[in-house]
Amino acid sequence: MEKQQNWSTELYKGMEVHVTTLQKEDEKHQWDYTVRICEPGVDATAESELAAESGDDADYISAEEALAAGFAKGYAMVNEIRE
């Protein structure tokens, strides 16, 4: 059974940054994130509409830490797209 993803969204430099955190199944105290970047108002769940998507290989000790890292990564990705 797939877990429901709860996305947090922030507008940054005219792009929507969507971040969700995921608890690792094999290690209950480890978290990861997924980032999706898209134009405002676009469906972030539609792969074809994304401007960028990323995760990372690091392990975070809480959902809050993973969320903060995800938004930092998302802002960096927007900066690259907008340059």
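Of the 83 residues in the chain, 34% count as buried, where buried means under 20% relative accessible area, exposed over 50% and partly exposed in between, with a 1.4 Å probe and protein chains only. This is a predicted model, in which local features need pLDDT of at least 70 and side-chain atom pairs count only at pLDDT 80 or more, while totals for chains, interfaces and linings use all residues. Residues are numbered from 1 along each chain as its sequence is written, and side-chain values use heavy atoms, with hydrogens and water left out.

Begin with a cartoon view of the whole chain, which has one helix and four strands in the order β-β-β-β-α; helices (H or I, at least four residues) and strands (E, at least two) are DSSP runs, numbered from the N terminus.

Next, select β1 (8-12) together with the loop that follows, where K13 sits between β1 and β2. The two strands run antiparallel and are joined by five bridges, strands being paired if DSSP finds at least two bridges between them. L11 stands opposite E16 in β2, and the hairpin has two residues between its strands. K13 has a positive phi of about 50 degrees although it is not a glycine; in general, most residues other than glycine have a negative phi. K13 is also exposed, with a relative accessible area of 52%.

Now show the side chains of V17, V19, Y33, V35, I37 and Y60, which touch the most other members of the 14-residue largest nonpolar core. Such a core is a set of buried Ala, Val, Leu, Ile, Met, Phe, Trp, Tyr and Cys residues joined through side-chain atoms within 4.5 Å. At least two of its residues come from each of β2 (15-23), β3 (31-38) and α1 (63-82), and α1 gives the most, with six. Centre on V19, whose contacts (heavy atoms within 4.5 Å) beyond four places in sequence include W7, Y33, L67 and F71.

Finally, turn to the aromatic rings, among which a search of the whole structure finds three pairs. Rings of Phe, Tyr and Trp (its six-membered ring) pair if their centres lie within 6.5 Å, and planes under 30 degrees apart count as stacked, over 60 as edge-to-face and the rest as tilted. Y33 and Y60 form a tilted pair, 6.0 Å centre to centre with 40 degrees between the planes. Because Y33 lies in β3 and Y60 in the loop between β4 (52-55) and α1, this pair ties together parts 27 residues apart in sequence. Both Y33 and Y60 are buried.

In α1, select F71 and Y75, whose ring centres are 6.0 Å apart with planes at 35 degrees, so this pair is tilted as well. F71 is buried at 8% relative accessible area, whereas Y75 is partly exposed at 23%. Adding Y12 to the selection completes a cluster of Y12, F71 and Y75 linked by ring pairs.
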